[in-house]
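Thanks, everyone. I'll put the structure up and walk through it piece by piece.

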Amino acid sequence: MTSVRVNELISVAGQPEAADFADFAARGFAGVINARPDGEEPGQPGNAAEKAAAAAAGLFYGFVPVKGPEITEADIRAFQAAMAAAKGPVLAHCKSGTRALTLYALGEVLDGRMPTGDVEVFGQSHGFDLAGARRFLEKRAGQAPEVTAFFHPATSSVQYVVADPATKRCAIIDPVLDFDETSGATATTSADAILAFIAAERLTLEWILDTHPHADHFSAAHYLKGRTGVPTAIGAHVTEVQALWKEIYNWPALATDGSQWDRLFADGDTFKIGALDARVMFSPGHTLASVTYLIGDAAFVHDTVFTPDSGTARTDFPGGSASALWHSIQAILSLPEETRLFSGHDYQPGGRHPRWESTVAAQKRDNPHIAGKDEAAYVALRQARDRTLAKPKLMLHALQVNIRGGRLPEPEENGRRYLKIPLDAL
């Protein structure tokens with residue numbers, strides 16, 4: 001098949017057939033990057049077939065599926081990572097080649113190797129219309145806040161730094177304290193990487209925010225407060241979660257007044273990050289205490305909705321409710337359609353790259369748990385799916401830490417800390 005050579009690193013093309021992959025190898029390509037979601041049209045080979053064809057031809061294969069109007073920085077960075085992993089020239093394709101070239105060009109702009117104003121001319125020089133890339137850059141230039149994500153592969157969690165570009169003040173949302181359940185080892189690698197980013201960008205940290213007490217990783221909020229002195233906060237209903245788990249852990253000494261945080265946010269409370277206005281939305285369902293932080297045009301929704309191809313969050317934890325989550329999701333979907341939604345997990349369905357950003361409009365249109373569903377249909381779907389899910393492997397480890405704001409158990413007389421695991425409690 002024909003392709004367009006962009007430079008020595010990349011060529012772009014329309015949809016290839018599986019039989020073309022051997023020819024790609026013969027032409028000197030080291031890898032193929034598929035930027036096309038499965039199922040766009042009948043007869044499309046799809047990710048599984050392309051991956052197998054690449055393996056048979058001895059080619060690296062990357063799967064970075066995108067829809068043109070919904071490209072995010074995570075997609076651009078994943079495309080760059082796939083190019084690097086190929087260790088040689090790549091053939092990148094979608095249906096026509098436009099999305100593949102868009103991902104490449106946007107990476108060049110974001111890394112300062114191409115002026116923003118040159119994007120469309122660059123596309124035209126290769127026979128492609130990159131007006132969509134120009135629109136992405138124009139929208140990005142006008143967005144506040146600036147959001148930087150830190151994906152944590154071990155738990156599929158996403159941590160965020162959200163910054164006011166005008167004042168360079170920021171907040172951290174849902175930071176992770178590293179924990180290896182096989183050895184019991186803890187580490188601050190992930191949290192320290194966030195602090196290093198804040199220092200490198202010359203930001204001033206104002207808040208350390210949790211959306212809820214997490215069941216799949218330890219919160220680094222307490223560690224970060226110790227390093228920075230910055231206040232921590234969570235939703236006010238955390239006290240109900242503390243009371244519930246106090247009984248499960250048989251923990252008489254546990255304070256259940258939320259005093260482990262500096263501020264407990266009620267529904268509708270407001271605060272500032274630099275000059276940015278922030279508002280708290282109570283979003284129960286996944287837990288009794290979950291909140292959404294609405295900051296400018298960005299909503300940090302954690303375990304409510306994931307990216308549209310991943311559906312919505314589970315509701316089978318103690319205190320969870322599918323009906324409550326339905327109403328929380330409806331409140332989120334009542335925000336303006338262009339509102340950016342930042343999820344707290346991504347489990348990479350189909351083996352695609354990690355993604356965490358969507359919009360209200362995309363959720364309404366493409367999320368199969370939401371689109372065309374009423375409350376009864378959603379509750380039935382959610383409960384049926386929850387019955388198939390194993391409990392998170394760190395749930396009993398993590399919650400005794402996270403209902404105390406990320407504090408590890410106090411050392412015992414030998415200087416070691418010990419977790420307490422209730423047997424047959426759930």
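Arg202 is exposed, because its relative accessibility is 71% and the exposed class begins over 50%. Keep in mind that this is a predicted model. Arg202 sits in the loop between α7, residues 189-200, and β11. Look at its backbone. Phi is positive at Arg202, about 55°, although Arg202 is not a glycine.

Asn250 gives us another case. Its phi is positive too, about 50°, and Asn250 is not a glycine. The residue is found in the loop between α9, residues 238-248, and β14. Is Asn250 buried or exposed? Exposed, with a relative accessible area of 56%.

One more backbone point. Ala144 and Pro145 are joined by a cis peptide bond, with omega about 5°. Where does Pro145 lie? In the loop between α6 and β6, the strand at 146-152.

Now the helices. Start with α4, residues 98-110, and α6, residues 131-141. Their axes come within 10 Å and cross at roughly 40°. That angle is over 35 and under 65 degrees, so α4 and α6 count as oblique to each other. The crossing of α4 past α6 is right-handed. Which residues make the contact? From α4, they are Thr102, Leu106, Val109 and Leu110. From α6, they are Ala133, Phe136, Leu137 and Arg140. By class, the contact of α4 with α6 has 6 nonpolar residues, 1 polar and 1 charged.

Next, α7 and α8. Helix α8 covers residues 221-228. The axes of α7 and α8 come within 10 Å, and they cross at roughly 45°. These helices are therefore oblique to each other as well. The crossing of α7 and α8 is right-handed. On the α7 side, the contact uses Ala191, Asp192 and Leu195. On the α8 side, it uses Tyr223, Leu224, Arg227 and Thr228. How do the residues of this contact divide? Into 4 nonpolar, 1 polar and 2 charged.

On to the aromatics. How many aromatic pairs does the structure hold? There are 18. I'll show two of them.

Take Trp207 and Phe265. This pair is tilted, with 5.7 Å centre to centre and 50° between the planes. The pair links distant parts of the chain, 58 residues apart. Trp207 is in strand β11, residues 204-209, and Phe265 is in strand β14, residues 263-265. Both names should be familiar as elements: β11 follows the Arg202 loop, and β14 follows the Asn250 loop. What about burial? Trp207 is buried at 12% relative accessible area. Phe265 counts as buried at 1%. The cut-off here is under 20%, so each value falls in the buried class.

Now Phe300 and Phe342. This pair is stacked, 5.2 Å centre to centre, with 15° between the planes. Phe300 lies in strand β18, residues 298-302, and Phe342 in strand β19, residues 340-343, so the pair ties together parts that are 42 residues apart in sequence. Phe300 counts as buried, at 1% relative accessibility. Phe342 is buried too, with a relative accessible area of 2%.

Back to Trp207 and Phe265 for a moment. Which residues do ring pairs link with them into a cluster? Phe271 and Tyr293.

Last stop, Met281. Met281 lies in strand β16, residues 276-282. Its relative accessible area is 7%, so Met281 is buried. What is Met281 in contact with, leaving aside its neighbours within four places in sequence? Asp267, Ser290, Val291, Thr292, Ala331, Ile332 and Leu335. One distance to go with that. The C-alpha atoms of Met281 and Gly258 are separated by 18 Å, and these residues are 23 apart along the chain.

Let me recap. Arg202 and Asn250 have positive phi without being glycines. The peptide bond from Ala144 to Pro145 is cis. Two helix contacts, α4 with α6 and α7 with α8, are oblique. Trp207 with Phe265 is tilted, while Phe300 with Phe342 is stacked. Met281 is buried in β16. Over to you for discussion.

How values were computed. Residues are numbered from 1 along each chain as its sequence is written. This is a predicted model: local features need pLDDT of at least 70, side-chain atom pairs count only at pLDDT 80 or more; totals for chains, interfaces and linings use all residues. Side-chain values use heavy atoms; hydrogens and water are left out. Axes are lines fitted to C-alpha atoms, for helices over the stretch in contact, and angles run from 0 to 180 degrees between N-to-C directions. Helices (H or I, at least four residues) and strands (E, at least two) are DSSP runs, numbered from the N terminus. Angles under 35 degrees count as roughly parallel, over 145 as roughly antiparallel, 65 to 115 as roughly perpendicular and the rest as oblique. A crossing is left-handed if the near helix is turned anticlockwise from the far one by less than a right angle, and right-handed if clockwise. Contact means heavy atoms within 4.5 Å. Ala, Val, Leu, Ile, Met, Phe, Trp, Tyr, Cys and Pro count as nonpolar, Asp, Glu, Lys and Arg as charged, and the others, Gly among them, as polar. Rings of Phe, Tyr and Trp (its six-membered ring) pair if their centres lie within 6.5 Å; planes under 30 degrees apart count as stacked, over 60 as edge-to-face and the rest as tilted. Buried means under 20% relative accessible area, exposed over 50%, partly exposed in between (1.4 Å probe, protein chains only).
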